[in-house]
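Okay, thanks for coming, everyone. I'll walk you through one chain today, so have a look at it on the screen first.

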Amino acid sequence: MASYFDSSRILWENPQPQFTNVETFRRMVNRKRGLNLKDYHEFHKYSIENYSFWEDAWQHLRIIYSVPPQNVITGGPIPNVPVWFPGARLNYAENLLWRNDDSIACTAGGESGKVTECTFRELRLKVQSTASAMRANGLQIGDRVAGMQSTIFLENRYGSDFASLPHLAVVTNSIEAVTLALATASIGGIYSSTATDMGTQGILDRYHQIQPKFVFLETEVMYAGKTVDLRDKVSAVIKGLHEHGLKCAIVLPSAITGKEIEVGGVRNTITLRKFLASGTGNELIFEQLPFNHPLFILYSSGTSGPPKCIVHSAGGVLMQTIKDQRMFFDMKDTDTLFQFTTTGWMMWNFMVSSLASGCRMILYDGSPFHPTLEAYLKFINDAGVTLWGTSPRFLAEVKGRKISPLKIGSFEGLRTLAVTGAVVTPPIFEWSQKAFGGKFLFVSTSGGTDVCCAFVGGVPSLPVHVGEIQHKALGMAVEVFDEDGKNIEHTGQAGELVCTRPHPSLPVMLWGDTPDGKKLRDTYFNFYPGIWRQGDFMVVNPKTKGIMVLGRSDGVLNPNGVRFGSGEIYTVMENFNTIIEDCICVGQCRPNIDEHERVLLFLKMRAGNKFTTSLEREIKSSIRTALSARHVPSYIFEVEDIPVTINGKKIEIAVKQIVSGSTLKPSGTVANPESLKLYFKYKNIEEIVEIDRVGVKSKL
Ligand SMILES: CC(=O)CC(=O)O
């Protein structure tokens, strides 16, 4: 079988590694601790062997606090989930709003071409007035939050009443969304958002579980050039939440015109303007709260069961996100970050933390393909973006459409191009580096909603090798386990991504869980007792220590006893991406029918291209040459659509279940739920292959 790492070719090397944040941090630790950690490899080893590393990180990241911690880590109510920095008092929003000056904090843009800017001073004022209205309303309502008490809410000034109320938002990626999140955080509330393209059921599946008292909703947005009237969805969500204890819904004005829009027929609904007018105008107070105090609720994808409500702590999110931004991307206060995301992906929460580094953040709402992909790239170039976060799927699309970014702009200022969310194939590494001018760090990262940070990512002081994530993140004890829980990292074989030591952004709880966190432990710590299993399939290059994440481990393909990730097939398929728009590769193993798993590859052709037997032969031969005969899919089929989540991730697990005979109800997270129907017929594959053999496939 071909090795995962055929070339280990260097894609890029930093001409001045000594000036990177990560090197400054390493030198600081050496000085402070009297150590001689020579390079990143030694630094990483130190960081996972000594909890004092997190004390160093606290200092280096310049965490703002009012009471220092007594200790770094201590036991908590949930086994395997420690309490970090006991005794410390701090506030997430205060850490993000320290820069109270006239530099631009946020630039908001979108398809219409309209750009709005907001300085740090203005942002702080917005947060002040929103927090004041939230306090006024919360204290008037004086609500209790039934069934949500947990040890993590201890020691908050309001008991477990006001400060633990979740404030929810179905909002666009806008200055208003950032303001709502920070205002909530300033008073110790919990913020949770979804994007406006989430279906009503998807929103209710999440929010029913956490029973919000406030919900903020957009009424009208623009997507792909079309005005989307959200009033029906808004009414349905508010009505649905009223049954679950909602006290007040606040509707935002149109995101297109700024005009107020009436949402009739639902009680306890007010406009944002009226809500803000109810504030007292008091000064902004940043409640000083424990490190583990809850900040955000994020949701698991919900593609194979109800979404889990993952509660993240203020201190954990703060430390981990700014550590990743400063270490991986080399973020400085002179940077402009553009992370393409909606408010429903953890990358939104990740992005917001960049304010703590004092840099400018670009908030883009809308489709990157409207009015044209070229216009979107021009926006990024013209905005002077220095750190750009996007998805491999987006880059594959630019490549597949044969667009030359350098004909659109020079992308001169770009220092870091960061990708996450899916497997990044070696051809995408090489194409991207060249296509955007070559003078930047190409960072591939992998982490997840479950930890609101990354396990593995970039190291600006080290070379980037084609196809490889550079290293494990500082403080993250990532290892590769086989099915029996044996570390197989040194063998260069793929296995489960596990994290063998705790870190500050472990979820503090799953909402609705028992006080001893049974559901949380069953989800993450049961497969390998006491060890975090992320559910990703990864391999480490023994030579470079670079990493490949090959896909989700529940989607691992296992024909004839060979285990491999779908990402390996996608890498080969990248060579066909000018004619094939997208593909999905899954295993099929029907209970009581199939003895072995077979691999099925589904292709969505680009408009104007045909799936022919010669293309099928060519694909099979490429996979055989690049990987091995055992990797060649048993069957390749053309389909009209590939199911993806609203965050653009291929939904392999649902397709695998469908073709293996399960009756699956699409969840609200599927962006194109109709597409799942296209796969049901493949559970009777004999009929299809039979038909195919006699050459009347078109009937299908
Ligand atoms: C950092 C990430 O890995 C993001 C994701 O899970 O989509």
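Let me start with a question: where is the place of N592? It sits in the loop between strand 29, residues 580-588, and strand 30, residues 598-605. Keep in mind that this is a predicted model. What I like about N592 is its backbone: phi is near 65°, a positive value in a residue other than glycine. And is N592 buried or exposed? Its relative accessibility is 85%, and the cut-off for exposed is over 50%, so N592 counts as exposed.

There's another residue of this kind, K402. Here phi is positive too, about 60°, and again K402 is not a glycine. You'll find K402 in the loop between helix 13 (392-400) and strand 18 (416-419). With 64% relative accessibility, K402 counts as exposed.

While we're on loops, go to P371, which lies between strand 16 (360-365) and helix 12 (373-382). The peptide bond joining H370 and P371 is cis, with omega at about 0°.

Now let's go to strand 11, residues 248-251. Which way do its side chains point? C248 and I250 go one way, A249 and V251 go the other. That's the textbook pattern, because side chains in a regular strand alternate between the two faces of the sheet. All four of these residues, C248, A249, I250 and V251, are buried.

And what does strand 11 pair with? Strand 8, residues 214-217, runs parallel to strand 11, and four bridges join the two. One of the details there: L217 has V251 in strand 11 as its bridge partner. Strand 11 also pairs with strand 12, residues 269-271, in the parallel sense, over three bridges. In that pairing, I250 has I270 of strand 12 as its bridge partner.

Okay, zooming out. The chain has 19 helices and 31 strands. For 700 residues, a compact globule would have a radius of gyration near 27 Å, and the chain has 25 Å, so the two agree. The C-alpha trace spans about 75 × 65 × 55 Å along its principal axes, and 60% of the residues count as buried.

For contacts between residues at least 6 apart in sequence, 69% join residues at least 24 apart. The chain exposes about 26,800 Å², with carbon and sulfur atoms supplying 50% of that.

Last thing, charges: there are 73 positive and 70 negative side chains, and the centres of the two sets lie 1 Å apart. That's my tour, happy to go back to any of it.

How values were computed:
Residues are numbered from 1 along each chain as its sequence is written. This is a predicted model: local features need pLDDT of at least 70, side-chain atom pairs count only at pLDDT 80 or more; totals for chains, interfaces and linings use all residues. Side-chain values use heavy atoms; hydrogens and water are left out. Buried means under 20% relative accessible area, exposed over 50%, partly exposed in between (1.4 Å probe, protein chains only). Two strands pair if DSSP finds at least two bridges between them. The radius of gyration is taken over C-alpha atoms; the globule rule is 2.2 Å times the number of residues to the power 0.38. Contact means heavy atoms within 4.5 Å. Accessible areas come from the Shrake-Rupley method with a 1.4 Å probe; for residues, only the protein chains shown count as cover. Lys and Arg count as positive and Asp and Glu as negative; His and the chain ends are not counted. The place of a charge is taken as NZ of Lys, CZ of Arg, CG of Asp or CD of Glu.
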